[in-house]
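Visitor: I'd like a close look at one part of this protein. Could you pick a spot and walk me through what surrounds it?

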Amino acid sequence: VELVESGGGLVQAGGSLRLSCAASGGTFTNYAMGWFRQPPGKEREFVAGIRWKFGTYYADSVKGRFTISRDNAKNTVYLQMNSLKPEDTAVYYCAARFREVVVTSHWDYWGQGTQVTVSS
């Protein structure tokens with residue numbers, strides 16, 4: 001499975017961005033999809049996950065601000081990020097895992113990452 005992220009960039013605090021992740025090479029509905037991020041100098045952390053049909057999961061730090069969704073017809077997962085804060089600055093990674101969402105880094109496939117920078 002190949003994952004390609006897009007939509008990162010520079011935004012002011014309080015602004016919004018939408019990340020996209022296009023998947024290819026597998027049966028998309030077999031996989032839970034997730035977003036992780038790695039802030040500068042820190043470890044990669046779970047941001048949000050979505051099961052193949054129902055069920056979404058969020059890190060406490062993004063609940064109420066970020067929304068994960070997927071379009072199974074387009075083999076694409078999205079992360080809508082609103083009310084962005086400087087501490088959201090990180091490289092954001094898309095990930096795929098067979099069937100279930102987990103908050104650890106034990107996912108099967110990873111994208112190359114896209115930079116999100118939030119200025120104060």
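**Around serine 20 and valine 77**

Guide: Let's start at serine 20, which sits in strand E3, the run covering residues 17-24. Keep in mind that this is a predicted model. Is serine 20 buried or exposed? Its relative accessibility is 16%, and the cut-off for buried is under 20%, so serine 20 counts as buried. Setting aside the residues within four places in sequence, serine 20 is in contact with Val4, Glu5, Ser6, Trp35, Thr76, Val77 and Tyr78.

Let's follow one of those contacts, Val77. Valine 77 belongs to strand E8, residues 76-81. Because its relative accessibility is 0%, valine 77 is counted as buried too. What does valine 77 touch, once residues up to four places away in sequence are left out? The list runs Leu19, Ser20, Cys21, Phe28, Met33, Trp35, Ile50, Ile68, Ser69, Arg70 and Cys94. Trp35 turns up here, and also among the contacts of serine 20. There's a long-range relation to note as well: valine 77 and leucine 3 lie 74 residues apart in sequence, yet their C-alpha atoms are 9.9 Å apart in space.

Two names in valine 77's list, Cys21 and Cys94, deserve a stop of their own. Cysteine 21 and cysteine 94 are joined by a disulfide, with 2.1 Å from S to S. It ties together distant parts of the chain, since cysteine 21 is in strand E3 while cysteine 94 is in strand E9 (residues 90-98), 73 residues away. Searching the whole structure turns up one disulfide. As for its handedness, the torsion about the S-S bond of cysteine 21 and cysteine 94 is about -80°, which means the disulfide is left-handed. Both of these cysteines are buried.

Phe28 and Met33, also touched by valine 77, lead us on to a cavity, since both are among the residues that line the largest one. The search of the whole structure finds one cavity of 30 Å³ or more, and the largest has a volume of about 50 Å³. Its lining is made up of Val1, Ala23, Ser24, Gly25, Gly26, Thr27, Phe28, Tyr31, Met33, Asn75 and Ala96. Which elements give two or more residues to that lining? They are E3, where we began, and strand E4 (31-38). By residue type, the lining of the largest cavity divides into six nonpolar and five polar residues, with no charged ones.

How values were computed. Residues are numbered from 1 along each chain as its sequence is written. This is a predicted model: local features need pLDDT of at least 70, side-chain atom pairs count only at pLDDT 80 or more; totals for chains, interfaces and linings use all residues. Side-chain values use heavy atoms; hydrogens and water are left out. Helices (H or I, at least four residues) and strands (E, at least two) are DSSP runs, numbered from the N terminus. Buried means under 20% relative accessible area, exposed over 50%, partly exposed in between (1.4 Å probe, protein chains only). Contact means heavy atoms within 4.5 Å. A disulfide is a pair of cysteine sulfur atoms within 2.5 Å. On a 1 Å grid over the protein atoms alone, a cavity is a set of points where a 1.4 Å probe fits but cannot get out, and a pocket is an open set with protein on both sides within 12 Å along at least five of seven lines; lining residues have an atom within 4 Å of a point. Grid points are joined across faces, edges and corners, and a volume is the space filled by probe spheres set on the points. Ala, Val, Leu, Ile, Met, Phe, Trp, Tyr, Cys and Pro count as nonpolar, Asp, Glu, Lys and Arg as charged, and the others, Gly among them, as polar.
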